[in-house]
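Please walk me through this structure, beginning with a single residue in a loop and moving from there towards the interior.

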Amino acid sequence: MMQEDSAKCVHCGHSTPDVRILGCAHGCCFHARCLDLKSIRELTPPSSDICVVNKCPRCASPSTGMEILPLSFEEIDQARRLVGASGSSSKRSFGVVNSGGAQTGGGDVYAPAVPRAGKWAEEEIAFRDNLVTHFVSGSLPLPNELKLCEFLSKILKSKPSRLTKKMKKANLSTRHFVGNSAYIEDVELARELSRLELCFVNSIVEPVERSEIKFHMQREWRDYLAALCTVLNIRFEATEWLKSIENMENRIALATTRDRSVKRRLMMGKAIETDAGAAEAMPGVFIDHSQPHEEIDFDLLASAIETNDYDDTDFRNLYLSLVDDPTPSTSATVSDNSSQRSSDDPTQSSPHKSSVARKGLLMSSAAPNFKFAAPFLARAASYIEHNQLPFEHID
């Protein structure tokens with residue numbers, strides 16, 4: 001059987017096919033736009049609800065079905081390694097640069113939600129116009145009523161505004177897809193579209209962007225193919241393809257978490273510098289670290305956290321030690337206005353409420369009993385650590 005990297009579409013003769021016929025003696029593969037799904041469906045007996053591809057549509061050899069090929073990250077990873085080894089920065093035509101100068105959503109990972117921007121190359125215009133021709137003729141594996149603007153925006157990974165500015169008279173929002181053959185029947189026309197697609201990809205100078213655009217178009221074509229097979233009730237194998245989709249989503253999630261962490265550190269650093277510089281000029285509530293703090297028995301705390309039994313003796317002793325402390329756990333320095341408001345508060349003169357406050361049952365802004373929340377916070381921290389959840393602590 002041919003390897004995926006060397007496989008070619010038997011209809012147009014170009015590489016990177018989207019689907020493979022399982023069990024075919026010749027290993028026939030097709031692009032999504034080169035496979036006649038409607039003819040396959042018509043060969044199925046009317047009594048059968050599900051269509052199984054039991055014969056290759058190209059060579060007519062017996063088959064056991066068809067498989068949507070998984071997405072490959074090899075070219076993207078290789079391009080990124082080459083850029084990193086050369087020490088050059090990746091100047092992308094897409095990706096948003098924030099105020100701190102860092103690129104988000106497209107710097108280090110494929111980001112499908114970040115559209116491309118910039119000028120139109122001649123190769124991209126030729127490829128786009130050919131796509132429009134096949135869209136109008138209904139010879140693409142697309143769902144009915146799909147808008148032309150939405151289709152071009154997805155395939156070219158382009159902003160809709162970038163399309164409308166360049167195609168003002170194309171009626172992008174009012175033209176909808178109406179399926180005819182749902183594939184490019186003429187071999188020469190199929191070869192021309194594949195050739196223009198290859199020219200468009202090769203016209204992109206930056207290697208990472210070039211590999212990502214190629215990856216993106218493969219993903220879109222296979223998504224459309226899977227949707228059409230579902231509509232026509234044609235059975236297909238998609239295990240490896242779905243695994244690659246999950247892998248892609250995991251990569252995006254990890255990169256997003258990393259970018260947020262970097263941005264959070266940057267913003268927190270600026271905030272701390274600003275607050276430290278303005279602390280003397282801005283009256284408010286500040287924790288006074290000069291006062292002694294009572295130590296917490298962390299061994300007792302750990303013993304209490306390890307069990308879910310709320311009647312456990314260790315947990316009860318810990319709870320009582322935290323809430324029955326007659327002295328405040330922290331002290332605070334407040335502004336003159338805040339002190340005046342506290343002294344005028346009638347609740348402060350009540351002996352009953354003062355005793356309740358000493359027991360830690362009444363929280364006040366002047367002397368908050370932070371240790372009252374310690375058992376809950378400790379359990380939350382234990383849960384985060386046990387499940388290895390992303391968490392950043394700032395002291």
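## From a loop into the core

Glu 145 counts as exposed, because its relative accessibility of 55% lies over the 50% that marks an exposed residue. The model in which this is seen is a predicted one, and every value that follows is computed from it. Glu 145 belongs to the loop between helix 3 and helix 4, and its backbone has a positive phi of about 70° although the residue is not a glycine. A second residue that is not a glycine, Ala 182, likewise has a positive phi, here of about 65°, and it is placed in the loop between helix 5 (160-166) and helix 6. Ala 182 is buried, however, because its relative accessible area is 7%, and a residue counts as buried under 20%.

The helices on either side of the first loop are also joined through their side chains. Six aromatic pairs are found in the structure, and in one of them the rings of Phe 135 and Phe 151 have their centres 5.6 Å apart and their planes at 25°, so this pair is stacked, the planes being under 30 degrees apart. Phe 135 comes from helix 3 (residues 122-137) and Phe 151 from helix 4 (residues 148-155), so that the pair links distant parts of the chain, 16 residues apart. Both partners are buried, Phe 135 with a relative accessibility of 1% and Phe 151 with one of 0%.

Phe 151 takes part in another pair, this time with Trp 221: the ring centres are 6.2 Å apart and the planes stand at 65°, so the arrangement is edge-to-face, the angle being over 60 degrees. Because Phe 151 lies in helix 4 and Trp 221 in helix 7, this pair ties together parts that are 70 residues apart in sequence. Trp 221 counts as buried as well, at 2% relative accessibility. Phe 135, Phe 151 and Trp 221 are joined by Phe 177 and Tyr 224 in one aromatic cluster.

Which residues have the most contacts inside the largest nonpolar core? This core has 63 residues, and those with the most contacts inside it are Leu 37, Met 66, Phe 127, Phe 151, Leu 152 and Ile 155, so that Phe 151 appears here again as well as in the aromatic cluster. The elements that give two or more residues to the core are strand 1 (19-22), helix 1 (37-42), strand 3 (65-68), helix 3, helix 4, helix 6, helix 7 and helix 8 (239-278). Helix 7 gives the most, with nine residues.

Aromatic rings also meet charged side chains in this model. Arg 162 lies over the face of Trp 120, at 4.1 Å from the ring centre, and the charged end of Arg 251 sits over the ring of Phe 73, 4.3 Å from its centre.

The next point concerns empty space. Rolling a probe the size of a water molecule over the atoms shows where such space is left. A search of the whole structure finds one cavity of 30 Å³ or more, and the largest cavity has a volume of about 200 Å³. Its lining is made by 14 residues, of which Ser 15, Thr 16, His 31, Glu 197 and Lys 214 are the closest to the centre. Two elements, helix 6 (187-202) and helix 7 (207-231), give two or more residues to this lining. By residue class, the lining of the largest cavity divides into four nonpolar, six polar and four charged residues.

Two further residues show contacts in space between positions far apart along the chain. Pro 207 is found in helix 7 and counts as partly exposed, because its relative accessibility is 28%; its C-alpha atom is separated by 9.4 Å from that of Glu 75, although the two residues are 132 residues apart along the chain. Glu 42, which is found in helix 1, is exposed, with a relative accessible area of 64%. From Glu 42 to Leu 232 the distance is 9.9 Å, C-alpha to C-alpha, while in sequence these residues are 190 residues apart.

Note on methods
Residues numbered from 1 in each chain as written. Predicted model: local features only at pLDDT ≥ 70, side-chain atom pairs only at ≥ 80, totals over all residues. Heavy atoms only, no water. 1 Å grid on protein atoms, 1.4 Å probe; cavity = no way out; pocket = protein on both sides within 12 Å on 5 of 7 lines; lining within 4 Å. Points joined across faces, edges and corners; volume = space filled by probe spheres on them. Helix = DSSP H or I, 4+ residues; strand = E, 2+ residues; numbered from the N terminus. Nonpolar A, V, L, I, M, F, W, Y, C, P; charged D, E, K, R; others polar. Phe/Tyr/Trp six-rings, centres within 6.5 Å; stacked < 30°, edge-to-face > 60°. Buried < 20%, exposed > 50% of the residue type's maximum accessible area, 1.4 Å probe, protein only. Lys NZ or Arg CZ within 6 Å of the ring centre and 35° of its normal. Core = buried A, V, L, I, M, F, W, Y, C linked by side-chain atoms within 4.5 Å.
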